[in-house]
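Good morning, everyone, and thank you for making the time. Please have the sequence and the structure open in front of you while I talk.

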Amino acid sequence: MEATTSNGKFKVIGTRPIRHDGIDKVIGRAKYGADYAFPGMLFGKVLRSPHAHARIKSIKTDKALKLPGVKAVVTAADLPEAANRLEQAGEMAINPHYLSMNILARDKVLYDGHAIAAVAATSPHIAEEALKLIEVDYEVLEPAMTVDAAMKPGAPILLPDLRNREEGDKQTNVAQHYQFKRGDVEAGFRAADYVVEREFNTAMVHQGYIEPHNAVGIYNADGQATIYCSTQGAFDVRSLSAQVLGVPVGKIKVVPAEIGGGFGGKTTIYLEPLSVLLSKKTGHPVKLVMTRSEVLRASGPTSGSKIKVKMGATRDGKIVAAQVWMAYEAGAFPGSPVGAGAMTILAPYTIENLQIDAYDVVVNRPKTAAYRAPGASNAAMASETVIDELAEKCGIDPLDLRIQNGVKEGSPQVVGPPFRRIGFIETCEAIKNSDHYKSPLSGPYRGRGVASGFWFNAGMQSSATVNIHTDGTASVVTGSPDIGGSRASMAMITAEVLGLPVTDVRPLVADTDSIGHTDVTGGSRVTFATGMAVYEAAQDAARQLRERAAKVWEVKPEDVELHDGVLSLKEKAEGKAPMTIKEMATKLARTGGPIIGRASVNARGVGPAFATTCVDVEVDPDTGKVQILRCTIAQDVGKAIHPSYVEGQMQGGTAQGIGWGLNEEYFYDQKGILRNTGLLDYRMPTCLDLPLIETILVEVPNPGHPLGVRGVGEVSIVPPPAALANAIYRAVGVRMTETPMSPPRLLKAILKKRAAEETQSAAAD
Amino acid sequence: MSKKTLVETTINGEAVEFLCEPRQSLLECLRDVLELTGSKEGCLTGDCGACSVLVDGRAVCSCLMLGVEAQGKNIRTVEGLADGTALHPLQQKFLEHASLQCGICTPGILVSATALLNRNPDPTEQEVRYALAGNLCRCTGYDKIVRAVLDAAKAMKSGARPNRAA
Amino acid sequence: MAIAVIPALLRKFTDGKERITARGRNVRELIADLDRQFPGIAQHLLEGDDLKPSVAVSVDGEIGPGGAMEPVGDESEVHFLPAIGGGVEK
Amino acid sequence: MHAFNYESPSTLADALKLMKAHGEKARPLCGGTDLLIQMRAGVRQPEFVVDIKKIKELRELKFSARAGLRLGAAVSCIDIAENEEMRRNYPGLTEAAHLIGSLQIQNRASVGGNLCNGSPAADSTPALIALKARARIAGPRGEREVPVEEFVVSPGRTVLKPGELLVQLLIPAPAPHSSDAYLRFIPRNEMDIAVVGVGASVTLDGDKVKAARIGLGAVAATPLFAQKASESLAGKKLDDAALETAARLASEASSPIDDMRGTAEYRRHVTGVLTRRVLTIAAERARKR
């Protein structure tokens, strides 16, 4: 828990108060989406495709409807056609036309688990029984499960309306091609003394939030609907559900419940419109909760990918050229994070000559959703291991190579514009100077690896109000669902501005009718953008407090100052003793009424995040199993508002990155059926698989934020897979180019190397 | 639908009677019948531990136990760890160490940790990790959870008391 | 005059040129000027009177939340880039 | 989950009566850690679920130095793991029971249930095979005993006929200078199903092996007794060559498949690796007895 925090002028920011919503969460009282119940509530279940790719010839629901206790069945026939255009929703773009087809399949099912129909009944067991009575007639089609299979000529076509504009107007599974180009790549490689070229394959992985998707829909006779659900973005649930249901946004209110993890996966909708449809049909509240198997089969994991990286460096360690080809599995509908992958893959380095081609490819897998720094971890697995190899060839410490080529203020980004003040080099130096990196690692089959990562972070829209209560305490209301303790940070910012104790500020997450539009909790944007709105709303409240005090004292507002919760005149005057906010609060009624500070932003000044991770491993050379001995992450966090929760983000992202690197993967069989549909075989790290995760908070304040805040939520997941691969190389001498680096894969590589060495030594004899 | 059965049991120290179908799990009975929604459903296969409760002092996954099996048992859920408004030392340490982010795994982890400390008041880090291996947390990387459990053990040794025999 | 930096795949409309001098008080006007110089390019950047949802714009190093209404200064450098999520255009 | 009836008889006779009356429609319930999952998935749909945890014979754990161990089919894994006599006399079986799932699972699951579930990957079965355990079965036609290695006939299916119950596992008392061990390979450090599991018991005679038994899990359609590998050790010093031979024969005895938990090739390799390791541990333990 080492922190290089200098708290400077702050009194509350940078401290570690107990979160305001904590007690409810440790006594079991906090209400998550699935915890809601209403009188007369029905239970819904969803029928899902048993095929990876099939045409739906017919759906018969009459038998299901006859089962006692069954109240309604809905299919795609109950949904209107949705607009066919792209819209930004958090960090992913969403096309309502495809979104609707994902909510309920129309004429084709496109992956194992694709929703076909939904049932509402008086108990979840009856609803489940009813699913078995729905008869679906399929014409099974050949699936395309990988980017290779989907991109090859003659591949089965998933979406007939998807056309390739680059090669005539042919049907295609390639939904998008991005290209980034700078300088002269060929000349760059000619100037290189060392060139490393490798091909990588990374498996599809899931966010793995512990709470399954859920929704309770209540449709009223007046056409108003209310949805209670666990979501990262209540306003997105509202607008997306409205589009899918074909109703105006104003007809839907979304109440964000406590949310049991999301990591990007809860930025879109699955059950929400179904709950409203079923409620409309039955006149009852309807609750739907996914099973774990449904979560894995049919929510939005992140892309598996194929990535080719070629990089060249001169003898003295200058990276002179890079060429990247990358294709990401979008899932059944367009929209993988390959664009982000392309913009992050070389982001930490200044490279004069580069070309990146990136392809978004539809395959017969669930439509991908955002996952913590979407697209960046698999990209870094490729680039950061190639960087490691270049460092080895140049005979330079891998951190030094990064520092030598690393981006700093003014360096051009891959996409063009120069970086503002950033802290990449500082994270490398922090690792270099860490106790971990300085401690020698000895013992057989042990190795240490480092890798770095970049994430943009996001700004977007946020709203906040700060209410001053009659006793001088305050509440701060935002529209950002709190997924990891952000409420505490909002209260801390308010307390800092007003000079109140943090316990005198109550933070609240409001529903879509009670606060101005606020974009998703995603893109590491809450403490940055919602924090900015809260900061400004608190400033607004402070301004009003000064005005009221001025009224009391009959002076000009600019003669009044607010410090540490005390209002006073800048120049002392007889009979006008300073007033605490508490004292002022009793006079609000007589000076104009209650005070509400308010602010809304479409935030500018986003500060990108960098992290560098160091990991020590021990490999069992006979089984290929990797144990993690020690792990340290240094991250530029801008300014840590609540350092404990910043550390928590760094540790959590690191743990997910380790899972991604070592054992997590979607395992489909030949027919495209997902085989590991539970947490037994989708292997996320347990408590026994990880060491304590050391954190170094590097604070390079973001000049674009009044408090210096950068987003901290995502970048920590980027370095681990590559850091592990680099550590494994140093432990057993094999360069892994696939994730997960699971025991069978690693053992195979070890045995191959051993066999090659034996052949070599036999030849030498 | 099969007939409902009357189950007589003790939950968080109180004698409780409830009706359930044999096919309803203890988790379902706690959440849907008794409105004790502190125990969470994460997987229904015993892999995530979010539904952990103590049955006669042992941690079990309430998703893998039938409600009817609770007959005559002594059950404690996360709702029964604190004594009124006085938190269990584990709960207090979880707050102090920021051991929860989203909080969905927290009830199950507190239950497993309670079972551990009841049997082993002075666990090592490795023993804590083993005891919590059946409780997945996806937010924290476990670091702050492990620290909180070790700290709670220390606090309990030096006098902080769980408020009831859990 | 501002500098517009053209994304690689649209350089076929600008005779392969990456940096184009263009005039405009905001991004929309700048694109209009680009389209005057290189007819056809606007339809790849605009949809109606705003940027396409798949396109983001950066003015002087800052992703502009104003989209096509984002102000452009005399010396500004304007980059067009994919909106982070990417995805398909129809 | 489908609807079913639940019974919890308190005597073996009552349980057998119920099992007989409902035949194939009945399924015993012990810890439920497999059965409930299978019922949710629709893999098993018994109309009658017979809870056997209240039956005295099935809850018995009795060890005597002469008669060996009588282990009731419903004794929970944790009761085995925390039993001093078990840890001393059957450390391999004990560690196998202590590896099944999480503590939450061990608190409910039983070694008997682990066997009756019929999974080829059951952790405790190779350990039982290594100990030459016999299954005591009661049914409509009285009692019978079956060697544990013959108990599972195919994945999910056992020798139990409709109406029959596994009552106890009978395990011989450990011979002098003998001990056992169990190792499994899983990708994580907990919670996974065995990719390969190997149990071994070794009886020493001076510095030579008098007898050994090796049980294999997760490498064939059923748990296996690796007979050739076991017999290869008799009369030999447990040196590298002997271990290598046993490991090779154990690998050869396996007939694994490719699945999401590992490839056949990988399982064959790891079978050899674990056989070597587990024999070494069992022999070390035997030396101390």
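I will go through the contacts between chains, then one sheet, and then the domains.

Before anything else, please keep in mind that this is a predicted model, and that every value I mention has been computed from it.

Let me begin with chains A and B, where 44 residues of chain A are in contact with 44 residues of chain B. If you look at the side of chain A that touches chain B, you will find that α1, residues 22-26, and α18, residues 643-662, each supply at least two of its residues. The largest share on that side comes from α18(A), which gives eight residues. As for the character of that side of chain A, its residues divide into 20 nonpolar, 17 polar and seven charged.

Chain A also meets chain C, and here 22 residues of chain C are in contact with 34 residues of chain A. On the side of chain C that touches chain A, the elements that give two or more residues are β6, residues 62-63, and β7, residues 77-82, of chain C. Of the elements on that side, β7(C) gives the most, with four residues. Sorted by class, the side of chain C that touches chain A has 11 nonpolar, seven polar and four charged residues.

Now please turn to chain B and its sheet. Five strands of chain B form an open sheet, in which the order is β2-β1-β5-β3-β4 and the pairing is mixed. Which strands stand at the edges of this sheet? They are β2, residues 14-20, and β4, residues 58-61, of chain B, and because each of them has a single partner strand, one side of each is left without a neighbour in the sheet. Going from one strand to the next, the twist averages 40 degrees.

Staying with the edge strand β4(B), we can look at how it is paired: strand β3 of chain B, residues 52-55, and β4(B) run in the antiparallel sense and pair over four bridges. To place this on the residues, B:Val53 has B:Val60 in β4(B) as its bridge partner. Helix α3 of chain B, residues 106-119, packs on the sheet and touches β3 and β4 of chain B, and the direction of this helix makes about 35 degrees with that of β3(B).

That brings me to the domains. Chain A is divided into domain 1, which takes in 423-453 together with 608-754, and domain 2, which covers 460-603. The C-alpha centres of these two domains of chain A lie 40 Å apart. Their contact takes 15 residues from domain 1 of chain A and 14 residues from domain 2 of chain A. On the side of domain 1 of chain A that touches domain 2 of chain A, the largest share, three residues, comes from α18(A); we met this helix earlier, on the side of chain A that touches chain B.

Finally, for chain D the domain assignment gives domain 1 (5-51), domain 2 (58-171) and domain 3 (178-287). The C-alpha centres of domain 1 and domain 2 of chain D lie 18 Å apart, and the contact takes 13 residues from domain 1 of chain D and 18 residues from domain 2 of chain D. Helix α1 of chain D, residues 12-22, provides the largest share of the side of domain 1 that touches domain 2 in chain D, namely five residues. By class, that side of domain 1 of chain D has six nonpolar, four polar and three charged residues.

Notes:
Residues numbered from 1 in each chain as written. Chains lettered and ligands numbered in written order. Predicted model: local features only at pLDDT ≥ 70, side-chain atom pairs only at ≥ 80, totals over all residues. Contact = placed C-beta atoms within 7 Å. Nonpolar A, V, L, I, M, F, W, Y, C, P; charged D, E, K, R; others polar. Pairing = 2+ DSSP bridges. Axes fitted to C-alpha atoms, helices over the stretch in contact; angles between N-to-C directions. Domains from an automatic or database assignment.
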